[in-house]
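Please find below a short note on this structure, set out as numbered points. The first point takes up a question about one of the enclosed spaces.

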Amino acid sequence: MKIKKYISGSLLLLSALLLTASCKDYLDKEPKSDIPAQQPYLNFKNFQGFVEELYTAMPIMTAHQYHGAWNFGEDDYWEPAESRQLPNAIDQGNYWAWDDVFYSYLKSNKDPNTGQKRGMNTSTNERMISDVSTKGYYYDLCWFGIRKANLGLANLDQMVDATIEEKNLIAGQLYFFRAWNHFMLMQLWGGLPYIDTALDPNSVFDLPRLSYQETADKAAEDFQKAADLLPVDWDQTTAGKATLGKNNLRINKIMALAYKGKDLLWAGSPMMNEESTGSATYNADFCKRAADAFAQVLKLCDETGRYELADWDHYSEIFYTYKQNKFNGLKEVLFYENTAVGHIGAWRWNLVNDWRPPLINNSGIKCYPAANYTDYFGMANGLPIPDITKADAASGYNPEYPYRNRDPRFYYNFIYDAVKTVLDGSKILDKSTGLPDPRKQYASLFEGGLYRTDTPSKCCFTGYMNKKFTSQYMNDFDDYKEGSVLVMPLLRLADVYLMYAEATANGYGSATATASGYSLTAAGAVDKIRDRAGVGHVDAKFLGSVDQFMSEVRRERAVELSFEGHRFTDLRRWLLLDKAPYNKKTAVYFDRATDQKDADRYADPTQNHVLNLREVVLVERHYTLPKHNWLPFPQRDVQLYKGFSQNPGW
């Protein structure tokens, strides 16, 4: 992509809307068919149509391609021979791959080697609904969104046939998207030129890159402008009555404040603070501002009920629905990824097939949770497991019974040894005899088990399978492949509580501190999330210092937000990406104890007795900082002008 094209280039929205299948048909337009330049901005209905493209031009994480990948931390382990997957390239420290490998939703719209526009398979969900922009790639879409938001803001005075409320709704959305698109870029690439005007296509583009914190300050200003202009609930506005009951996804005050808080917390985190000031510590001022923004969000939610935590009985509906013909999320999700694709088909074909071994799902590349990532899921009493191979008297963990009394979210997220994965065992046939093979009905994940040996190149490498986003019975035999819907939450209320905890502790200096105007302590915010799952509160031994408390905040984010695309940025901003154990991906191996009958083992896998439990490193990442803190910009972009510098080490 050429940045200038999307920042300075003309937006041909109306032309795109008028295009037909034939260029000749378009050129042979009827007399007087030209639309006046001010027409898209004249009234609320027209201008909102202009703004809607900002929603459809948001990046798509999960439905981008047949085998989408969006977890780049130590969370997922992909089939190692699969060179088309971005996580495997990142494991090797090859960050250039974000713009090169086939399965990367981050990439730009031009091939980095040829400079030519990438080919698109428009029969897949890779395409973008709005072909005016760049057809679905993260990097280009963010620059496009910035350009479009600025173009709208530059034409606000054209909106003459509108009420004050309508003008505020339009302006609020535009300010939000300008800030949000900058934020989405800078959390991966660092400080940017903050583009806050619709530049003339013929002007000389020479805006300097700002530091991360300078960029974040400007984004925070725009998020605050959006919050000042937008309502908590569009259904309660006069303009929103025209789309009553269909306004849930529209940008509102709470979304804007939540992203303001996130923007400021990221800016206050050690990596960003080091980039801006040279100090690899939390910046208390940014953290205080973040905490206060999150406090406003939580207070508004308390007062209005606009968003609330889902209860444990409906926890799965945050992440997917099955044959309900509705989005997941309930009232917990504030903000989703792009919703303008067919998420039923996308999840049927794109992703869920990758999470089961070939003997029950013989398709796709294979992806499994790294065993060391499952170790973050501690005990039900709230205590962590220091070493899964050793007994721990404090937490009650016993390596001979590794699945006993774990955090309930462990059982929700993972398929482990002896868990049933096929409801109807009579449908699973032995390859040689053609008779039902009951061994395949249950996950055989012990050393030498079928799930680990049947197809070595795609077997369950790590000893665990993911079931956070789909039923455990997603296989070739039961009726669970059709009708699952997932739109990935980019921001949900549980995340806000955990960011509030982190920002408050580091801004106000204590795990028992509160933010301005809100009575919940930092530790209380973590406990709020644990209460939902029935997990014990943060133990007193972690409340003595902010550093001790942060060890539990980091673990809680790993558990509650697992596989939702947050981990890579979290590890980077904490400056832990190159530190053990965060730079490893492991497999777990063990033997089934012979004193346990299979009938008992399968009846209650949480009580399974195992022997010789051990972990083996599959991947160890060798990174160089600060090089691997940030993704590199495309070379064609840093060559645009002298002031746009490449990131260190690239």
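1. By class, how many nonpolar, polar and charged residues does the lining of the second largest cavity have? The model is a predicted one. The lining of this cavity has 8 nonpolar, 3 polar and 2 charged residues. The second largest cavity has a volume of about 80 Å³. It is lined by 13 residues, and those closest to its centre are Trp 70, Asn 71, Asp 76, Trp 78 and Trp 355.

2. On the general makeup: the protein has 650 residues, of which 60% are buried. Its secondary structure consists of 21 helices and 10 strands. Among contacts with a separation of 6 or more, 71% are between residues 24 or more positions apart.

3. On the enclosed spaces as a group: the structure holds 4 cavities of 30 Å³ or more. The largest cavity takes up about 270 Å³. Its lining is made of 17 residues, with Met 61, Tyr 105, Gln 187, Gly 565 and Thr 569 closest to the centre. Three elements, α7 (164-189), α9 (253-268) and α19 (567-573), give two or more residues each to this lining. Sorted by class, the lining of the largest cavity has 11 nonpolar, 4 polar and 2 charged residues.

4. On an open space: the second largest pocket has a volume of about 480 Å³. Of its 21 lining residues, Asp 375, Tyr 376, Ile 385, Pro 386 and Pro 581 are the closest to the centre. The elements that give two or more residues to the lining are α18 (546-560) and β9 (584-592). Helix α18 gives the most, with 5 residues. The lining of this pocket divides into 9 nonpolar, 4 polar and 8 charged residues.

5. On Cys 287: this residue lies in helix α11, which covers residues 284-304. Is Cys 287 buried or exposed? Cys 287 has a relative accessible area of 0%, so it counts as buried, the cut-off being under 20%. Apart from neighbours within four places in sequence, Cys 287 is in contact with Leu 265, Gly 268, Tyr 282, Ala 503, Asn 506 and Gly 507. Gly 261 is 26 residues away from Cys 287 along the chain, and the C-alpha atoms of the two are separated by 8.6 Å.

6. On Asn 353: this residue lies in the loop between α12 (343-351) and β4 (367-369). Asn 353 is buried, because its relative accessible area is 5%, under the 20% limit. Which side chain does the side chain of Asn 353 meet in a polar contact? The partner is the side chain of Asn 361, at 3.4 Å.

7. On helix α4: this helix runs over residues 44-56 and has 13 residues. From its first C-alpha to its last, α4 reaches 18 Å, close to the 18 Å expected at 1.5 Å a residue. At the start of α4, a side-chain oxygen of Asn 43 comes to within 3.3 Å of the backbone nitrogen of Lys 45. The buried residues of α4 are Phe 44, Phe 47, Gln 48, Phe 50, Val 51, Glu 53, Leu 54 and Tyr 55. An α-helix has 3.6 residues a turn, so residues three or four places apart point the same way.

How values were computed: Residues are numbered from 1 along each chain as its sequence is written. This is a predicted model: local features need pLDDT of at least 70, side-chain atom pairs count only at pLDDT 80 or more; totals for chains, interfaces and linings use all residues. Side-chain values use heavy atoms; hydrogens and water are left out. Helices (H or I, at least four residues) and strands (E, at least two) are DSSP runs, numbered from the N terminus. Buried means under 20% relative accessible area, exposed over 50%, partly exposed in between (1.4 Å probe, protein chains only). A polar contact is a pair of N or O atoms within 3.5 Å; within protein, one must be able to donate a hydrogen and the other to accept it, and residues adjacent in sequence count only if both atoms are side-chain atoms. On a 1 Å grid over the protein atoms alone, a cavity is a set of points where a 1.4 Å probe fits but cannot get out, and a pocket is an open set with protein on both sides within 12 Å along at least five of seven lines; lining residues have an atom within 4 Å of a point. Grid points are joined across faces, edges and corners, and a volume is the space filled by probe spheres set on the points. Ala, Val, Leu, Ile, Met, Phe, Trp, Tyr, Cys and Pro count as nonpolar, Asp, Glu, Lys and Arg as charged, and the others, Gly among them, as polar. Contact means heavy atoms within 4.5 Å. The expected span of a helix is 1.5 Å times one less than its number of residues.
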